[in-house]
Number of protein chains: 2
Amino acid sequence: MSKDKRKLVVIALGGNAIKQSNENGTAEEQFRNVEVTCEQLVKMNTLGYKLVITHGNGPQAGNLLIQQEEGKELVPAQPLDVVGAMTQGQIGYMFQNTLQNYFRQIGKEIPITSLITQVLVKKDDPDFNDPSKPVGPFYTEEEAKRLEKEKNYVVKKVKPNGEKLWRRVVPSPEPYTIIEAESIKALIEARAIVIASGGGGIPVMKKDDDSLSGLEAVIDKDKAGNKLAQEVNADIFLVLTDVENACINFGKPDEKALQKISVAEAEEYLAAGHFLAGSMGPKVTAAIRFVKAGGEKAIITSLQKAADALEGKAGTIIEK
Amino acid sequence: MSKDKRKLVVIALGGNAIKQSNENGTAEEQFRNVEVTCEQLVKMNTLGYKLVITHGNGPQAGNLLIQQEEGKELVPAQPLDVVGAMTQGQIGYMFQNTLQNYFRQIGKEIPITSLITQVLVKKDDPDFNDPSKPVGPFYTEEEAKRLEKEKNYVVKKVKPNGEKLWRRVVPSPEPYTIIEAESIKALIEARAIVIASGGGGIPVMKKDDDSLSGLEAVIDKDKAGNKLAQEVNADIFLVLTDVENACINFGKPDEKALQKISVAEAEEYLAAGHFLAGSMGPKVTAAIRFVKAGGEKAIITSLQKAADALEGKAGTIIEK
């Protein structure tokens, strides 16, 4: 087999690539959004890039947790690791079906598949002591306190006013290793487009007997995306979000969209607090890590600008 | 890379490999059952076989459909193709995690992964005109008639007495092609253990524009297992169920467990009505198809006898 010299891009898709915040999440809506996303992915393939895709699962996991809650008298709810696996199947199917259909239309035969993916986290991660990531339905204080007792949930008041202000919070530990990296690499080698590590991957931890055990936790998908990109030796790590560029002085009169910057500049801006903690912050962090680990460049941009950004014509591009 | 000369076995696991009928389906219960199953799978690997695993999803899809039903005022239910994808993620994760842990214990490094898998069915399949496969919750006649109107469900009375006698029925078309076969083969080539086509695969059909579209249908997992076995060029197709052998004159005084039989004998017994339509019938049909398509042998037996059966010492073995 002749060596495939195309550059490998790992693409981390945001939640709006699958479900818009003003939608309920019917399958039709989700397939429609996925179609818009896949059109851009096909463009990148046509430009000559090998693709590995990862994606968020917040809205899908949220919906499933609500369904589990509503059905709990009849059917046992599954824990978060299993919920993560279920949404990997759900979203992976939507992407692989839609991408396959695009390529069928242009007569290109490319194996496309989604892999159920676990990601190793570490026992001593500080987030286990102070869980920060809200998941699932909103509760009244009474409901929240009951779940705290009955199910050992950590609950937090997450809204200032309204009827249901409380939510469960779970740890969001740092990702260390993609357990299925060898399989993903074998598929890339076979010229496949792979969808992997959805929702940040299923978090697993080493127990005393060295076995890996699923956790009630959620890994940041951009941070996991960086790990994935590193482990498959990607050339480019492309983080897609709802804006075209990362900005400094965001929301201020002197707001400035970042274009090509160095890792050192990115680190400086990050340290100065230019990027929001729950939003652009983890994306810039993941991008910096990728380039520092030897990646050629990391890009943060919107879906619409993604193909242009790969060609150096849009987005925030972080290089050594 | 030196050619891997071990024989390839595709194993179709029954529902009881994951959830026993007297259980509710908590994650703990399911992981416990999966552990028992994986112990046998590890044995087969140790005997020197390459493994591809497929599995049913009836109880898991059933539970998810109930949760969707209970949550329907808050969250849109997903259609059956998406439900199939979700259970592939759920069950695939349980198997790959548990298998990985067994191999970690004995220090064997084998890539193990689950693939989201679609299976092509044909538009003119007679089952689309007369759906036969019951899925999801039981309904009262009133509820059933309402769903018939509102959602175009085909409903049937499936129990003679009790409060809720009705269920939705969906088509169970014949499987034709495993869409992700190339990816599965690439992983086998990379010496991986692959879990694929869970729940009989996600049924998809060709539309007029040649695109593949998911269906509200369910494919028999043993029949899909045979297709999978054929497409990956398996040597052996192993169908696991809750009995050690297929029997003729089942339940009669002259009941006889079948051991080594020819395809011709199997076809004769099948035609004579020895095997139950919803149970042993499709397994024997799938086994016959596999051997007729060139497979070395097909085996029907219990989980406990599986390793022995591979060595020719147990089970019903169908050969040319």
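**Exercise 1. A loop and a helix in chain B**

Classify B:Glu143 as buried, partly exposed or exposed, then find its salt-bridge partner and place both residues in the fold.

*Step 1.* In this predicted model, B:Glu143 has a relative accessibility of 25%. Buried requires under 20% and exposed requires over 50%, so B:Glu143 counts as partly exposed.

*Step 2.* The partner is B:Lys164, and the closest N and O atoms of the salt bridge are 3.6 Å apart. That passes the test of within 4 Å.

*Step 3.* B:Glu143 belongs to helix α4 (residues 141–151) of chain B, while B:Lys164 sits in the loop between β6 (154–157) and β7 (166–170), so the pair ties together parts that are 21 residues apart in sequence.

*Step 4.* B:Lys164 is partly exposed too, at 33% relative accessible area.

**Exercise 2. A pair within one helix**

Work out where A:Glu150 and A:Arg146 lie with respect to each other, and state how accessible each one is.

*Step 1.* Start with the pairing: A:Glu150 and A:Arg146 form a salt bridge whose closest N and O atoms are 3.2 Å apart.

*Step 2.* Now the location. Both residues are part of helix α4 (residues 141–151) of chain A, and they are four residues apart, about one turn of the helix.

*Step 3.* Finally, accessibility. A:Glu150 has a relative accessible area of 56% and is exposed, whereas A:Arg146, at 34%, counts as partly exposed.

**Exercise 3. A link across the sequence**

Which parts of chain A does the pair A:Asp4 and A:Arg191 tie together?

*Step 1.* Check the pair itself: A:Asp4 and A:Arg191 make a salt bridge, with 3.6 Å between the closest N and O atoms.

*Step 2.* A:Asp4 is in the segment before β1 (7–13) and A:Arg191 is in the loop between α5 (181–189) and β9 (193–196), so the salt bridge connects parts of chain A that are 187 residues apart in sequence.

*Step 3.* Compare the surroundings. A:Asp4 is buried at 16% relative accessibility, while A:Arg191 is partly exposed at 40%.

*Step 4.* Look for further members: A:Arg6 joins A:Asp4 and A:Arg191 in a network of salt bridges. For the wider picture, a search of the whole structure gives 34 salt bridges over all chains.

**Exercise 4. Two domains of chain A**

Describe how domain 1 of chain A meets domain 2 of chain A, beginning with their bounds and ending with the residue classes on the domain 1 side.

*Step 1.* Domain 1 covers 8–123 + 174–319, and domain 2 covers 133–170. Their centres, taken over C-alpha atoms, are 27 Å apart.

*Step 2.* Eight residues of domain 1 contact eight residues of domain 2. The two domains bury about 660 Å² between them, with carbon and sulfur atoms giving 66% of that area.

*Step 3.* On the domain 1 side, A:Leu65, A:Glu69 and A:Val218 lose the most area, together 52% of what that side buries.

*Step 4.* Turn to the polar side of the contact. One salt bridge is found across this interface, and two residue pairs are in polar contact.

*Step 5.* Helix α2 (residues 58–70) gives the most to the domain 1 side, with three residues. By class, that side has five nonpolar, no polar and three charged residues.

**Exercise 5. Chain A against chain B**

How many residues does each chain bring to the contact, and which element of chain A gives the most?

*Step 1.* Chain A brings 54 residues and chain B brings 54 residues. The buried area is about 4400 Å², 59% of it on carbon and sulfur atoms.

*Step 2.* On the chain A side, A:Gln67, A:Tyr93 and A:Arg104 supply 16% of the buried area, more than any other three residues.

*Step 3.* Count the polar links: two salt bridges cross the interface, and 24 residue pairs are in polar contact. A:Asp210 and B:Arg104 meet in a salt bridge at 3.4 Å, N to O.

*Step 4.* Several elements of chain A supply at least two residues each, among them α1 (27–46), β3 (112–115) and β10 (202–206). The element that gives the most is α3, with 13 residues.

*Step 5.* The chain A side divides into 25 nonpolar, 22 polar and seven charged residues.

Key: Residues are numbered from 1 along each chain as its sequence is written. Chains are lettered from A and ligands numbered from 1 in the order in which they are written. This is a predicted model: local features need pLDDT of at least 70, side-chain atom pairs count only at pLDDT 80 or more; totals for chains, interfaces and linings use all residues. Side-chain values use heavy atoms; hydrogens and water are left out. A salt bridge is a side-chain nitrogen of Lys or Arg within 4 Å of a carboxyl oxygen of Asp or Glu. Buried means under 20% relative accessible area, exposed over 50%, partly exposed in between (1.4 Å probe, protein chains only). Domain bounds come from an automatic or database domain assignment. Contact means heavy atoms within 4.5 Å. Buried area is the accessible area (1.4 Å probe) that two parts lose on being put together, summed over both. A polar contact is a pair of N or O atoms within 3.5 Å; within protein, one must be able to donate a hydrogen and the other to accept it, and residues adjacent in sequence count only if both atoms are side-chain atoms. Ala, Val, Leu, Ile, Met, Phe, Trp, Tyr, Cys and Pro count as nonpolar, Asp, Glu, Lys and Arg as charged, and the others, Gly among them, as polar.
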